[in-house]
Amino acid sequence: MAMQTEGLRVSILASGSSGNITYIESDKKKLLVDCGLSGKKTTALLSQINRTPQELDGILITHEHRDHVHGVGVMARKYNLDIYANEQTWQAMSPIIGNIKTEQKHLFEMGKTMTIGDIDIESFGVSHDAIAPQFYSFHKDNKSFVMLTDTGYVSDRMRGIVSNADAYLFESNHDLDMLRMGRYPWSLKQRILGDKGHLSNEDGALALSDVIGDNTKRIYLAHLSKDNNMKEIAYGTVESILREKGKGVGEAFQLYDTDPDEASLLFSL
């Protein structure tokens with residue numbers, strides 16, 4: 001008899017400016033959130049956690065930027081996957097991902113909760129320069145996993161939705177000094193630093209210090225810029241700010257890196 005395991009299992013397959021994919025499974029469903037790398041790379045990353053694309057049920061989309069949707073069309077067509085996005089995102093990403101069969105296209109509107117199999121998924125809007133960007137909070141068996149990247153700031157509304165999750169994938173995009181001193185043109189620097197850009201290491205840490213709670217056991221630092229950040233700097237900045245705020249890094253919860261080319265170990269909630 002097959003052993004039933006409760007809760008959710010998660011791996012951050014890829015995270016960074018080059019491409020973003022997160023894998024989430026329960027006993028009944030296997031899902032990706034975004035697929036910002038090629039089908040070949042996605043398959044290789046899945047194999048690192050002993051999974052195959054043939055096992056997947058669907059892909060949830062956060063927004064239409066290429067580092068989040070590059071491989072969606074190929075994967076959807078090759079493996080007949082259900083794709084979930086809000087209406088405006090569907091319109092914006094259709095020219096990028098190509099033709100998807102009507103029966104594979106699903107609307108997941110912002111601010112709504114949808115149940116896919118045995119997973120309850122709550123969507124919420126973020127502040128980013130995409131048409132209608134939304135991220136997700138996954139719930140099963142009184143455990144929750146929150147994804148929050150690609151936002152210029154974390155509003156009180158967002159904080160309320162994502163507070164006290166068991167695990168977070170949370171943006172730590174850039175080091176402010178590296179960005180300011182770096183080679184990017186000023187217009188791009190302004191975009192990244194703006195209200196519809198990305199969270200810096202400091203801003204991410206401050207938002208985390210407001211939302212983590214007694215349930216929180218794991219925090220994954222996500223969407224690090226290849227040019228304007230380093231794992232050591234992101235980790236060190238977030239760790240020191242959380243310690244300053246009296247949060248028990250390494251005691252109550254653990255901080256983890258993510259990688260653009262290597263899947264994180266599958267963990268259970």
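In the predicted model, strand β7 (residues 113–116) pairs with β8 in the antiparallel sense. The pairing extends over 4 bridges. Within this pair, I116 stands opposite I119 of β8. The two strands form a hairpin, with 2 residues between them. One residue in the turn, G117, has a positive phi of about 65 degrees.

Strand β8 spans residues 119–125, and a loop separates β8 from β9 (134–140). A132 lies in this loop. The relative accessible area of A132 is 5%. Buried residues are those under 20%, so A132 counts as buried. Contacts beyond the neighbours within four places in sequence involve T62, N86, Q88, T89 and M110. Of these partners, Q88 is 44 residues from A132 along the chain. The C-alpha atoms of A132 and Q88 are nevertheless separated by 6.2 Å.

A second hairpin joins β2 to β3, here through 4 residues. Strand β2 covers residues 21–25 and pairs with β3 in the antiparallel sense. This pairing comprises 4 bridges. T22 has V33 of β3 as its bridge partner. Strand β3 (residues 30–33) is covered on both faces. K30 and L32 are buried on one side. L31 and V33 are buried on the other.

Strand β3 also pairs with β4 (residues 58–60). These two strands run parallel and are joined by 3 bridges. V33 stands opposite L60 in β4. V33 thus has a place in both pairings, as bridge partner of T22 and opposite L60. Between β3 and β4 the chain passes through helix α1 (residues 39–48). The resulting β-α-β crossover is right-handed.

Further along the chain, strand β12 (residues 218–222) is mostly covered, with 4 of its 5 residues buried. Strand β11 (residues 167–171) runs parallel to β12, and 5 bridges join the two. In this pair, L169 stands opposite Y220 of β12. Strand β12 pairs with β13 (residues 254–256) as well, again in the parallel sense. This second pairing has 3 bridges. Here Y220 stands opposite Y256 in β13. Y220 therefore appears in both pairings of β12, opposite L169 and opposite Y256. From β12 the chain crosses to β13 through helix α9 (residues 231–244). This β-α-β crossover is right-handed.

Helix α9 also packs against helix α8. Two packed helices are described by the angle between their axes and the distance between the axes. For α8 (residues 201–211) and α9, the axes come within 9 Å. They cross at roughly 40 degrees. The crossing is right-handed. On the α8 side, the contact involves N201, E202, A205, L206, L208 and S209. On the α9 side, these residues meet I233, A234, T237, V238, I241 and L242. The contact residues divide into 8 nonpolar, 3 polar and 1 charged. Glu counts as charged, so E202 supplies the charged residue of this contact.

Definitions and conventions: Residues numbered from 1 in each chain as written. Predicted model: local features only at pLDDT ≥ 70, side-chain atom pairs only at ≥ 80, totals over all residues. Heavy atoms only, no water. Buried < 20%, exposed > 50% of the residue type's maximum accessible area, 1.4 Å probe, protein only. Contact = heavy atoms within 4.5 Å. Right-handed = clockwise from strand over helix to strand, strands pointing away. Axes fitted to C-alpha atoms, helices over the stretch in contact; angles between N-to-C directions. Left-handed = near helix turned anticlockwise from the far one by under 90°.
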